[in-house]
Amino acid sequence: MYVFVPQITNMFLAWGNVARMVESLAPANLSLLALCKLVGTWYHGETLRTLMTSVMTDWMTSKNDRKRNTMLNITRRGRHLSFACYMGSLGTYLSYLGLNFLKFYRSMHQPERILVYHFSYPYYNMQKSPNYEITFVIQLFGGMYTVFVNSTVDSFVSLLLLQICAQLINLRTTLNNLVDELAEGSISSSSFQKGLAAITMRHEHLIRTAKTVDDCYSAVLFIHMFAATFQLCIECFQVFTIITGHLELSIIKMSFLTFYVVLVLTHVYIYCYSAERLSTESTNMAYGAYECRWYDISPNDAKNLMFMTYRSTIPLRLTAGKFGTFSLEMFGTTVKTSMGYLSVLLTMMD
């Protein structure tokens, strides 16, 4: 709130000046997004805690080395995405600190001292010490909290989706092994049906888990995509105005803008990649049933596989407010839309 309220106020006060409005809107946009994610995660806390318990159970009960290696490989990719997200956050925050400590040093002995986010607090003299220092530090940590809340929630959702992907791969392997055992005569038809029933129940559990994640974050992710589109547009606009205006640009400022753009793109990509992988692995269950040795078992047993095949033709999805589905195609569309908004802003400047 120490970031959002001052900046949204400054945006309205600068109405008509596109450059100043855009400069104020960028941090307000990101802080509102962090606030929505924080409230959404808190609101669905009990449901998410249940999902985390399920994830812990998957790891603790996995005894098969092949299945555990599959989980490790998929989760390792999620960790790499999280690492990239946090490195972008760390680079953005360090350059953000450098810019504001320089601002603090320059304004310490000035008659009018400047905050991180300019705002006239009612009934509060911000200029005198220690009011100025306390307010400056609170705003500084507000910016830091904004960046790391976004990164934490994004990494959390991504890892949940990739965990479901790993379980779907293991389930497909279990189905293939079960059909192979029946085809080789290692198990009876009744044992096969019991095993298939267990696989079907596990499949339904994973489907419900994916839908739960989507229900918890769909509304928040709609705001995320809306905000990320404008955020990317705003940052590119700032870079463009600096270049075309031949303004002096310090290395710290350039580093901040670069890390900021990379951070916004990473936040969008981490959702798009995880959702694309989820959609692919969920439909691969149908291919898994088709590729197993169903032709070597009795027609009655083979027909039972059709239920899972039909259910797997509907891909599991992560949606943005039920209006759009996250995918790598959406990532490209988001970037193209941001550039379209950028052209509108540049036209308004002219």
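Which backbone nitrogen does a side-chain oxygen of Asn64 reach at the start of H4? In this predicted model, the oxygen in question lies within 2.8 Å of the backbone nitrogen of Arg66. The helix that begins there, H4, covers residues 65-107 and comprises 43 residues. From its first C-alpha to its last, H4 reaches 61 Å, a value close to the 63 Å expected at 1.5 Å a residue.

A second feature concerns the packing of two helices, H6 (residues 189-244) and H8 (residues 299-312), whose axes come within 11 Å and cross at roughly 5°. Because angles under 35 degrees count as roughly parallel, H6 and H8 are described as roughly parallel to each other. On the H6 side, the residues that meet H8 include Ser189, Phe192, Leu196, Ile199, His203, Glu204 and Lys211, while H8 contributes Asp301, Asn304, Leu305, Met308, Arg311 and Ser312.

As to the cysteines, the structure holds zero disulfides. Cys165 is in no disulfide, and the nearest cysteine sulfur, that of Cys272, is 14 Å away; Cys165 is moreover buried, with a relative accessible area of 0%. For Cys236, the closest cysteine sulfur is that of Cys233, at 7.4 Å, which is too far for a bond, given that a disulfide requires a pair of cysteine sulfur atoms within 2.5 Å. In contrast to the buried Cys165, Cys236 is partly exposed, with a relative accessible area of 21%.

Technical notes: Residues are numbered from 1 along each chain as its sequence is written. This is a predicted model: local features need pLDDT of at least 70, side-chain atom pairs count only at pLDDT 80 or more; totals for chains, interfaces and linings use all residues. Side-chain values use heavy atoms; hydrogens and water are left out. Helices (H or I, at least four residues) and strands (E, at least two) are DSSP runs, numbered from the N terminus. The expected span of a helix is 1.5 Å times one less than its number of residues. A polar contact is a pair of N or O atoms within 3.5 Å; within protein, one must be able to donate a hydrogen and the other to accept it, and residues adjacent in sequence count only if both atoms are side-chain atoms. Buried means under 20% relative accessible area, exposed over 50%, partly exposed in between (1.4 Å probe, protein chains only). Axes are lines fitted to C-alpha atoms, for helices over the stretch in contact, and angles run from 0 to 180 degrees between N-to-C directions. Angles under 35 degrees count as roughly parallel, over 145 as roughly antiparallel, 65 to 115 as roughly perpendicular and the rest as oblique. Contact means heavy atoms within 4.5 Å.
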